[in-house]
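Let's take a friendly walk through the packing and the charged pairs of this model. Have a look at the sequence and the fold first, and then read on.

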Amino acid sequence: MNPRMQSSALLLCLNFGLVAAAQAAEPGWYLTGFGGESSASGLSQGQVDGNLEAIFTSVGLDIVDASSTLDDSDTGFGIGGGYQLNDHLAIEFGYVDLGSIDYRAAGTVTDGVDQFATEAVLGSSADGPVVSVLGILPIGERFSVYGRAGFTLMSAKGTAQITVDGQSDRASQSSQKSDPMFGVGIEFDLTRHFAVRLSWDRYLDVATENVVGDTDADLFSLGVRMGVGWFR
């Protein structure tokens, strides 16, 4: 290779290296958005059946027979922002909606003398702010894996609508819960200001105790991270 071609090749290699380095995430502020499937962790249909039985018992009714269904997954999503301190550490904050848990039952209850047809619809949902710290391990120029740990201030809402012999009654419960959360994820930098994420996060103790019982929630999501430089 002659010196001129050698010099051109060297310049091309240096230029490629600079372009690749420019794709890496830079310290500073960024925005995030994500969505996916949330599901209850450790919640069984028998557990909610037991809660419903306790509700009937509290008003002097016993279940004669019943059938029920439990839908413990829903769409979850979140928006927020963060600040990347360096290649290995970031702080994030945002709002997360974990969707709802829905339970339905139908059957017969008795007061010890007469029997009545009954229907029940129970539900629980959770949403609220989240603050977390990310520990980041870069892999090459574009990929990174991260672990997340933080705290939530979830607003848990539960509703119960019971119909007995055609007469309906509705009750609700709400509470503010401050509990830990944690998760893991992978990120791919498309540019230095834009990246896509795939993550799993677990939120502890997010349901209403007297409606469906205490349970955790898992959120599997696909998201994006946009550095503020994207808008310049």
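## Around V109

Setting aside neighbours within four places in sequence, V109 is in contact (heavy atoms within 4.5 Å) with F56, L61, D62, I63, V64, D114, Q115, F116, T118 and V164. This is a predicted model, in which local features need pLDDT of at least 70 and side-chain atom pairs count only at pLDDT 80 or more, while totals for chains, interfaces and linings use all residues. Residues are numbered from 1 along each chain as its sequence is written, and side-chain values use heavy atoms, with hydrogens and water left out.

## Two nonpolar cores

V109 turns up again in the largest nonpolar core, which has 16 residues. Such a core is a set of buried Ala, Val, Leu, Ile, Met, Phe, Trp, Tyr and Cys residues joined through side-chain atoms within 4.5 Å; buried means under 20% relative accessible area, exposed over 50%, and partly exposed in between (1.4 Å probe, protein chains only). The members that touch the most others are L52, F56, Y103, V109, L122, I162 and V164. Two or more residues each come from helix 2 (45-58), strand 4 (89-110), strand 5 (115-139) and strand 6 (143-164), where helices (H or I, at least four residues) and strands (E, at least two) are DSSP runs numbered from the N terminus. Strand 4 gives the most, with 4 residues.

A second, separate core has 10 residues, among them V130, M154, M181 and V206.

## Salt bridges

How many salt bridges does the structure hold? There are 9, each a side-chain nitrogen of Lys or Arg within 4 Å of a carboxyl oxygen of Asp or Glu. In one of them, R197 and E92 meet at 2.8 Å, N to O. This pair links distant parts of the chain, with R197 in strand 8 (residues 194-203) and E92 in strand 4, 105 residues apart. R197 is buried at 8% relative accessibility, and E92 is buried at 6%.

K177 and D205 also pair up, at 3.3 Å, N to O. K177 lies in strand 7 (residues 167-189) and D205 in the loop between strand 8 and strand 9 (216-227), so their bridge ties together parts 28 residues apart in sequence. K177 is buried at 12%, whereas D205 is partly exposed at 23%.

## A further pair and a network

The side chains of R202 and D218 form a salt bridge at 2.7 Å, N to O. Because R202 sits in strand 8 and D218 in strand 9, the pair ties together parts 16 residues apart in sequence. Here R202 is partly exposed, at 23%, and D218 is buried, at 8%. Finally, shared salt-bridge partners join E92, R148, E187, D189, R197, D201 and R225 into one network.
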